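Here is a short tour for anyone meeting this structure for the first time. Take a look at the picture, then read on.

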Amino acid sequence: MMKTSAPPWGWRDQAECLGTFTDSWAVPSEDQGAALSMCLACPVASECLESALMEEGSMQAAGRFGLRGGMTPVQRYALYQARARAARRLAQGALDLGGAA
């Protein structure tokens, strides 16, 4: 019998927020603190964040939606930008090392 791997979104079954959709996840509100606290306690917060970053790609903060992985859209966009800058620096360093031979 062939063993199949779990789908890449299988982590969602373990999310603290499973089945708790409220406005606090979608838009900034008074309840956002409670939603963020739930993210901090979530065993799959890092998977949720990585999923959000992958799905959103280079989308500007205004096009990102809701709290995901314990971060707001603005925070996720800032993280995306920081990672992109780091990747460019690494790539440039590799090119500089390759040309030094």
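In which helix is Glu56 found? Glu56 sits in helix 3, which covers residues 45-56. One thing to keep in mind from the start is that this is a predicted model.

**The overall layout**

Let's step back to the whole chain. The protein has four helices and zero strands, and reading from the N terminus its elements go α-α-α-α. Of its 101 residues, 28% count as buried. The protein exposes about 7200 Å², with carbon and sulfur atoms supplying 62% of that area. As for contacts between residues at least 6 apart in sequence, 41% of them join residues at least 24 apart.

**Back to Glu56**

Is Glu56 buried or exposed? Glu56 counts as buried, because its relative accessibility is 8% and the cut-off for buried is under 20%. Setting aside residues up to four places away in sequence, Glu56 touches Arg64, Phe65, Arg68 and Arg76. One of these contacts, Arg68, turns up again in the pocket described further down.

**The nonpolar core**

Which residues make up the largest nonpolar core? There are six in all: Trp11, Ala15, Cys42, Val44, Ala45 and Cys48. Let's go through a few of them.

Trp11 lies in the segment before helix 1. With a relative accessibility of 13%, Trp11 counts as buried. If you ignore its neighbours within four places in sequence, Trp11 is in contact with Val44, Glu47, Cys48 and Ser51. Trp11 and Cys48 are 37 residues apart in sequence, yet their C-alpha atoms are 7.9 Å apart in space.

Val44 belongs to the loop between helix 2 and helix 3. Val44 has a relative accessible area of 3%, so Val44 is buried. Beyond residues up to four places away in sequence, Val44 touches Trp11, Gln14 and Ala15. Two of those names, Trp11 and Ala15, are also members of the core. From Val44 to Gln14 the sequence separation is 30 residues, while the C-alpha to C-alpha distance is 6.7 Å.

Ala45 is another core member. Its contacts, not counting residues up to four places away in sequence, are Cys39 and Gly69.

**Pairs far apart in sequence**

Here are the C-alpha distances for some pairs, side by side.

| Pair | Apart in sequence | C-alpha to C-alpha distance |
|---|---|---|
| Val44 and Gln14 | 30 residues | 6.7 Å |
| Trp11 and Cys48 | 37 residues | 7.9 Å |
| Gly70 and Ala41 | 29 residues | 9.6 Å |

**Two partly exposed residues**

Gly70, from the last row of the table, is found in the loop between helix 3 and helix 4. Why does Gly70 count as partly exposed? The reason is its relative accessibility of 28%, since partly exposed runs between the 20% and 50% cut-offs. Leaving out residues up to four places away in sequence, Gly70 touches Leu36, Cys39 and Gln75. Cys39 is also a contact of Ala45.

Moving along the chain, Arg83 is in helix 4, residues 73-99. Arg83 counts as partly exposed too, because its relative accessibility is 39%. Apart from its neighbours within four places in sequence, Arg83 is in contact with Glu50 and Leu53.

**The largest pocket**

How much space lies in the largest pocket? About 440 Å³. The pocket is lined by 22 residues, and the closest to its centre are Cys17, Trp25, Cys48, Leu67 and Arg68. Cys48 is familiar by now, being part of the largest nonpolar core, and Arg68 is a contact of Glu56.

Which helices each supply at least two residues of the lining? Helix 1 (23-26), helix 2 (32-41) and helix 3 do. By type, the lining divides into 15 nonpolar, four polar and three charged residues.

Definitions and conventions. Residues numbered from 1 in each chain as written. Predicted model: local features only at pLDDT ≥ 70, side-chain atom pairs only at ≥ 80, totals over all residues. Heavy atoms only, no water. Buried < 20%, exposed > 50% of the residue type's maximum accessible area, 1.4 Å probe, protein only. Contact = heavy atoms within 4.5 Å. Areas by Shrake-Rupley, 256 points an atom, 1.4 Å probe, with all protein chains shown as cover. 1 Å grid on protein atoms, 1.4 Å probe; cavity = no way out; pocket = protein on both sides within 12 Å on 5 of 7 lines; lining within 4 Å. Points joined across faces, edges and corners; volume = space filled by probe spheres on them. Nonpolar A, V, L, I, M, F, W, Y, C, P; charged D, E, K, R; others polar. Core = buried A, V, L, I, M, F, W, Y, C linked by side-chain atoms within 4.5 Å.
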